Structure formats: structure tokens, C-alpha cells
Amino acid sequence: AFPAGPNPVLLDVLKRCLDKNPSTRITIPALLDHGFLHPEKATAVKQPEPAGLNMEQLQTVLAQLVQAGGAQADIAKLSQEIFKQ
């Protein structure tokens, strides 16, 4: 996760360019039209709402998923990785 900075439009364009998923990553035309390159168009970037789960609740949900699927997983490690994002 990126730390909060003085320029939320820059933060938004960086996050969208560095998205690991090619299907959700910003496209070149969208990047060229982004508010970072056109400050006159820039509006306040809305930050995503928090999921509303704390670490304990997330670990409970992950444990239930593991039990349902029969797979072995390190719940603490999975929950820490999710909270990093």
C-alpha cells in the first residue's frame, strides 16, 4: 500500500499503473486522459471505503474458508497479506 501523500491524483495514477491485474490496470487512453496529466480536469479522488473487518474477523473468515475447502493455509500470514493491500 502507498502512504498517503500530498497529491491524491498522483497516488491514484500510480496505483492504477502498478495494478498487477492487466484486466483492471489503467489503459493507455485512460492514462492519457487521467487528471494527473490534465490538472484542469482533476477532481478529488475518492478513496475506497474500508472493508470494515478487523484482523480477528478476517482470520475467522479465512479459517472458515479453509475448513470449507479442505486446504491447509497459514491464516495469520494470509490475513496480514490482505491487510497490506
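This is a short selection-by-selection tour of a predicted model.

**Stop 1: the whole chain**

Start with everything shown as cartoon. You should see four helices and zero strands, so the run of elements from the N terminus reads simply α-α-α-α. Now colour by pLDDT. The average over the chain is 77, and 76% of the residues score at least 70. Which helix has the lowest mean pLDDT, and which the highest? Helix α4, residues 75-84, sits at the bottom with 72, while α2 takes the top spot with 92.

Switch on a surface next. About 6800 Å² of the chain is exposed, with 60% of that supplied by carbon and sulfur atoms. On the inside of the ledger, buried residues make up 13% of the 85 residues. If you like contact maps, take the contacts with a separation of 6 or more: 37% of them are between residues 24 or more positions apart.

**Stop 2: helix α1**

Select residues 8-17, which form helix α1. Just ahead of the helix, pick N7. This residue caps the N-terminal end of α1, with a side-chain oxygen 3.0 Å from the backbone nitrogen of V9.

Then show V9, L11, D12 and V13 as sticks; these are buried. What do the buried residues of α1 pack against? Their partner is α2, residues 28-32, so add that helix to your selection and keep it on screen.

**Stop 3: D12 and its two partners**

Zoom in on D12, one of the residues of α1. Is D12 buried or exposed? Its relative accessible area is 19%, and the cut-off for buried is under 20%, so D12 counts as buried.

Two side chains are worth drawing distances to from here. Take R16 to begin with: R16 and D12 form a salt bridge, and their closest N and O atoms are 3.8 Å apart. The cut-off for a salt bridge is 4 Å, so this pair qualifies. How many salt bridges does a search of the whole structure find? One. The two residues are about one helical turn from each other because they are four residues apart in helix α1. Their surroundings can be compared by relative accessible area: R16 is partly exposed at 35%, whereas D12 is buried at 19%.

The other partner is H34. Its side chain makes a polar contact of 2.7 Å with the side chain of D12.

**Stop 4: H34**

Centre on H34 and look at where the backbone is. Which part of the chain holds H34? This histidine is in the loop between α2 and α3, the latter being residues 55-69. H34 is in a loop, yet it counts as buried, with 7% relative accessibility.

Now select its surroundings. Leaving aside neighbours within four places in sequence, H34 is in contact with V9, D12, V13, R16 and I26. Some of these you have already met: V9, D12 and V13 are among the buried residues of α1, and R16 is the salt-bridge partner of D12. The 2.7 Å side-chain contact with D12 shows up here again, seen from the H34 end.

**Stop 5: the nonpolar patch**

Go back to the surface view and select L10, L14, L18, I28, L32, F36 and L37. Together they make a nonpolar surface patch of about 650 Å². Which elements give two or more residues to the patch? Those are α1 and α2.

Walk through a few members:

- L10 lies in helix α1 and counts as partly exposed, at 32% relative accessibility.
- L14 is also placed in helix α1, and its relative accessible area of 35% makes it partly exposed.
- L32 belongs to helix α2. At 53% relative accessibility, L32 counts as exposed. Not counting residues up to four places away in sequence, L32 touches L37 and H38.

For a last distance, draw a line from the C-alpha of L14 to that of F36. How many residues apart in sequence are L14 and F36? The answer is 22, while their C-alpha atoms are 9.8 Å apart in space.

Note on methods. Residues numbered from 1 in each chain as written. Predicted model: local features only at pLDDT ≥ 70, side-chain atom pairs only at ≥ 80, totals over all residues. Heavy atoms only, no water. Buried < 20%, exposed > 50% of the residue type's maximum accessible area, 1.4 Å probe, protein only. Polar contact = N/O pair within 3.5 Å; in protein donor to acceptor, adjacent residues only side chain to side chain. Contact = heavy atoms within 4.5 Å. Salt bridge = Lys/Arg side-chain N within 4 Å of Asp/Glu carboxyl O. Patch = residues over 30% accessible without salt bridge, like charges linked within 9 Å, V, L, I, M, F, W, Y side chains within 5 Å. Areas by Shrake-Rupley, 256 points an atom, 1.4 Å probe, with all protein chains shown as cover. pLDDT = per-residue confidence, 0-100.
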